[in-house]
Amino acid sequence: MTTKKGFDKEKPAAPILPERTATMPEIGEITRPPQQRPPVWVWVLIFVVAVIVLLVIMIRTGARSIGLGGMFIMPIMLVSMLMMLRNRGGGTNEKTKPAALNQTRVDYLRSLDELRDDVTEGAQEQAAEIAYHHPNPCNGSLLTMVGTGRMWERRPTDRNFGHVRLGLGVTRLRTIINPPQKVPPPEYRETSTAIAARDFLLAQNVVHDVARPLHLFDQMGWAFFAEEEQRQLVQGTLRALVCQLCVFHGPDVVRLAIISDDPASWEWAKWWPHVADPELVDACGPVRMVYSDVGEFMERFGEQWRSRPPWSPPMEGQPRAEDHWVIVVDMPGANCAPLLGSTGYAGVAVLEATNDYYSPLATSATAMKFDAVGNLLRAREVV
């Protein structure tokens, strides 16, 4: 005896991320006073020469006091001393003195610290908003959403339709940081404040360790490459993607098919209604779309597949496909060309783990590779 219980989808309100703007203070500027004519060192030299001449006169004459012969040197010494004091004191800008420069640097760094607190608060709000849409699939958070208003909440008209969390990474900060508007020329920049402003922009413009989504239908498919002994790691990644897909997308908008030579690893998928065949039934209900090779799948859906329009990059205002399919191919050595055709098919995303370096998905735009320690990286060169 079988029963069916309907599910009334009532999408809860998602958190709204407020717009934030932060304006950086202006970089310090050093004003360089014009060179005195003659410079200070000339007056110092005149003063030293005058002292030496005066001492020579006193020694040669044996006088213990300055006579009339040495009195002419005194005005020269006095003028030299006055000019040295004038050039060192009155001719120097107060803002360029070491004490004033140090205070300017302290004030600038303090203002950056205050601004950093505001930017960090915005980054925390952004990380919480991202975690709401892309929770961690490894800590049981997906299970808590089953049967709630968040289950099957995403529709084809939503901006996050077809998005699943792939891992952690770096994203751009949504808070708008306005850089300093008046930047002095290099020769007049105060070095400490200029370096602090540069480092602030580089460090605070990104948010670290947040969920990075994979936009399934933005490409005709995605390929995952790994060593033979890392197959369980690949299967775990595909399992996480499938679970997120089925929790947030209803079976009325996304269908799921699995092709694998390891059916035991995908036995659990039969409970997802997304895997139910749209037409065929058996004694247990709809036939589960779990196949042992690509040919078996094409035998069932080949005619329907070839009648689908070709895949094209999504654009704003472009009509979406009537139905969406995600095909998981967990079979090393399998040929996914029949699933992809020459350019892919509209509304279809193929997730292949075949290690086929000649696959149409083995490109820098659609291929990812596990390194030796299990990190999933964008593959620049697949071979």
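This presentation describes the fold, the nonpolar cores and several individual residues of one protein chain. Please keep in mind throughout that the model is predicted.

I begin with the overall composition. The protein chain contains seven helices and 13 strands. Of its 383 residues, 38% count as buried. Among contacts in the chain with a separation of 6 or more, 74% are between residues 24 or more positions apart.

Let us turn to the interior. The largest nonpolar core has 56 residues, and those that touch the most other members are Leu 216, Phe 297, Trp 305, Ile 327 and Leu 339. Two or more residues of this core come from each of β5 (221-225), α5 (231-248), β6 (254-260), α6 (294-306), β10 (324-330), α7 (337-340), β11 (348-352) and β12 (367-370). Helix α5 gives the most, namely six residues.

Ile 327 offers a useful view of this core. Setting aside residues up to four places away in sequence, Ile 327 touches Ala 257, Ile 259, Phe 297, Trp 305 and Leu 339, together with Val 348, Ala 349, Val 350 and Leu 351. Another core lies apart from the one just described; it has 18 residues, including Tyr 108, Ile 177, Phe 200 and Ala 211.

I now come to helix α6. How far apart are the end C-alpha atoms of α6? They are only 14 Å apart, although α6 has 13 residues and a straight helix would reach 18 Å at 1.5 Å a residue. In α6 there is also a bend of about 65°, located at Arg 300. At the start of this helix, a side-chain oxygen of Asp 293 comes to within 3.0 Å of the backbone nitrogen of Gly 295.

The buried residues of α6 include Val 294, Phe 297, Met 298, Phe 301, Gly 302 and Trp 305. On the general geometry of helices: an α-helix has 3.6 residues a turn, so residues three or four places apart point the same way. The cover over the buried residues of α6 includes β6, β7 (276-282), β9 (290-291), β10, α7 and β11.

Several of these residues also take part in aromatic pairs. The count of aromatic pairs comes to ten. One of them joins Tyr 291 and Phe 297 edge-to-face, at 5.5 Å centre to centre and with 75° between the planes. Tyr 291 has a relative accessible area of 8%, and because buried means under 20%, Tyr 291 is classed as buried. Phe 297 is likewise buried, at 0% relative accessibility.

A further edge-to-face pair is formed by Trp 305 and Trp 325, with 5.4 Å centre to centre and 90° between the planes. This pair links distant parts of the chain, since Trp 305 is in helix α6 and Trp 325 is in strand β10, 20 residues apart. Trp 305 is buried at 0% relative accessibility, and Trp 325 is buried at 1%. Ring pairs join Tyr 291, Phe 297, Phe 301, Trp 305, Trp 325 and Tyr 345 into a cluster.

Helix α3 may be set beside α6. What span should the 36 residues of helix α3 have at 1.5 Å a residue? Helix α3, residues 98-133, should span 52 Å, and its end C-alpha atoms are 52 Å apart, so the two values agree. Among the buried residues of α3 are Leu 101, Tyr 108, Leu 112, Gln 126, Glu 129 and His 133. The elements against which the buried residues of α3 pack are β1 (21-23), β2 (163-172), β3, α4, β4 (206-215) and α5.

Glu 190 brings us to a loop, the one between β3 (176-178) and α4 (191-204). Is Glu 190 buried or exposed? Glu 190 is buried, because its relative accessible area is 3% and the limit for a buried residue is under 20%. Its side chain makes a polar contact of 2.7 Å with the side chain of Arg 105. Beyond its neighbours within four places in sequence, Glu 190 is in contact with Ile 27, Gly 28, Glu 29, Ile 30, Leu 101 and Arg 105.

I close with Gly 149, which lies in the loop between α3 and β2. Gly 149 is partly exposed, with a relative accessible area of 27%. Gly 149 and Lys 11 are 138 residues apart in sequence, while their C-alpha atoms are 5.3 Å apart in space.

Definitions and conventions. Residues numbered from 1 in each chain as written. Predicted model: local features only at pLDDT ≥ 70, side-chain atom pairs only at ≥ 80, totals over all residues. Heavy atoms only, no water. Core = buried A, V, L, I, M, F, W, Y, C linked by side-chain atoms within 4.5 Å. Buried < 20%, exposed > 50% of the residue type's maximum accessible area, 1.4 Å probe, protein only. Helix = DSSP H or I, 4+ residues; strand = E, 2+ residues; numbered from the N terminus. Contact = heavy atoms within 4.5 Å. Expected span 1.5 Å × (residues − 1). Bend = angle between axes of the 7 residues up to and from the residue. Polar contact = N/O pair within 3.5 Å; in protein donor to acceptor, adjacent residues only side chain to side chain. Phe/Tyr/Trp six-rings, centres within 6.5 Å; stacked < 30°, edge-to-face > 60°.
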